[in-house]
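Here's a quick walk through how some helices pack and where the empty space sits. Have the viewer open as you read.

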Amino acid sequence: MFKKRNIIVDALIKNNSIIITGSTGSGKSTQICQYLIEERVHCKKTIAIVQPRRMAAITLAERVAIEQQTVLGKKVGYHVRFDNTTNKETCIKFLTNGMLIRESMGKERLRNYSIIVLDEAHERSLGTDILFGLLKNIQYTKKLKIIVMSATLEIEKFIKYFNWIPVLQIRGFVHPISIRYLQKSISEIINLTIITIKKIHLKYKRGPGDILVFLTGKEEIISTIEILKNTQRKDNRFLDLICLPFYSALPVRLQKKNF
């Protein structure tokens, strides 16, 4: 992302809207807002970075605050439902779709913002589409710059929607991934998951790393963790295996433990 810094800043100065596509890990969500502040493109107003999920808004704000060497809640903050760490000093603000929609309906009509970054734009939802329409309408009457960002995006649709805006494509570093499929369909998903976790843990026990398991819902996640904890009581080889649940209904303080 740093290699494209000047190109990104110049493109936003010359255009009201731009699209930025870049692979996961390229630094889109954390670096671009800092470049715009450092180059004073924000015109002493707030930059809003819109995220589809509250946990993403919180963790990204924490990361950018560390990089800016500031306390979270001053220069950098986040605003999600039931939790707002921002104040009048905040110039980089991470927030969810719903929070920005609510602000756009108020008296200020987003006057405090000079740049709005719509991150993860490919995750289309009702809130996201409403927000696109509101921002396009507001942009006609106010000096508001919009950045649409995504790792995977149907570029043509967004280019046409925002009246043929320029696109910047940024390459990121991707680690090699090996994929292994099952030879046949298996109904006992939880049992197979636990067997796989055990094999990976024993094989790579001496090296650093984590095991990320995707299951279909809260019940399966809880069941898997309970079975693994019972295994730890019976087998000392798995005592150092830390099992953390992660699902949307989990309290925020417990979700943070995963990060």
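## Helix 7 against helix 8

At what angle do helix 7 and helix 8 pack, and how far apart are their axes? In this predicted model, helix 7 (residues 189-203) and helix 8 (residues 218-234) meet at an angle of about 50°, and their axes are 10 Å apart. An angle from 35 degrees up to 65 counts as oblique, and the two helices are therefore oblique to each other. The crossing of helix 7 past helix 8 is right-handed.

On the helix 7 side, the contact uses Ile190, Thr193, Ile194, Ile197 and Lys198, and these meet Glu220, Ser223, Thr224, Ile227, Leu228 and Thr231 of helix 8. Sort that contact by class and you get five nonpolar, four polar and two charged residues.

## The largest pocket

Now for the open space. The largest pocket comes in at a volume of about 1,400 Å³. It has 35 lining residues, and those closest to its centre are Asp210, Ile211, Leu212, Val213 and Asn258.

Which helix gives the most to this lining? Helix 8 does, with four residues. Helix 7, helix 8 and helix 9 (252-258) each put in at least two. By class, the lining of the largest pocket splits into 22 nonpolar, nine polar and four charged residues.

## The second largest pocket

The second largest pocket holds about 990 Å³ of space. Its lining counts 22 residues, with Arg180, Leu192, Thr196, Ile197 and Ile200 closest to the centre. Ile197 is worth a click, as it turns up here and also in the contact of helix 7 with helix 8.

How does the lining of the second largest pocket divide by class? There are 15 nonpolar residues, three polar and four charged.

## Helix 4, helix 5 and a cavity

Helix 4 (residues 97-104) packs on helix 5 (residues 126-141) at an angle of about 35°, with 10 Å between the axes. Their crossing is left-handed. Helix 4 brings Asn97, Leu100, Ile101 and Ser104 to the contact, while helix 5 brings Gly127, Thr128, Ile130, Leu131, Leu134 and Ile138. That contact has six nonpolar and four polar residues, and no charged ones.

How many cavities of 30 Å³ or more does a search of the whole structure find? There's one, and the largest cavity has a volume of about 50 Å³. Its lining is made by Gln51, Pro52, Asn97, Leu118, Asp119, Glu120, Ala121, Thr128 and Phe132. Two of those names should ring a bell: Asn97 and Thr128 line the cavity and also take part in the contact of helix 4 with helix 5. By class, the cavity lining has four nonpolar, three polar and two charged residues.

## Helix 1 against helix 2

One more pair to look at. Helix 1 (residues 5-14) and helix 2 (residues 28-38) pack at an angle of about 65°, with their axes 10 Å apart. Angles of 65 to 115 count as roughly perpendicular, so helix 1 is roughly perpendicular to helix 2.

Is the crossing of helix 1 and helix 2 left-handed or right-handed? It's right-handed. Arg5, Ile8, Val9 and Leu12 of helix 1 touch Ile32, Tyr35, Leu36 and Glu38 of helix 2. The class tally for this contact is six nonpolar, no polar and two charged residues.

Methods. Residues numbered from 1 in each chain as written. Predicted model: local features only at pLDDT ≥ 70, side-chain atom pairs only at ≥ 80, totals over all residues. Heavy atoms only, no water. Axes fitted to C-alpha atoms, helices over the stretch in contact; angles between N-to-C directions. Parallel < 35°, antiparallel > 145°, perpendicular 65-115°, else oblique. Left-handed = near helix turned anticlockwise from the far one by under 90°. Contact = heavy atoms within 4.5 Å. Nonpolar A, V, L, I, M, F, W, Y, C, P; charged D, E, K, R; others polar. 1 Å grid on protein atoms, 1.4 Å probe; cavity = no way out; pocket = protein on both sides within 12 Å on 5 of 7 lines; lining within 4 Å. Points joined across faces, edges and corners; volume = space filled by probe spheres on them.
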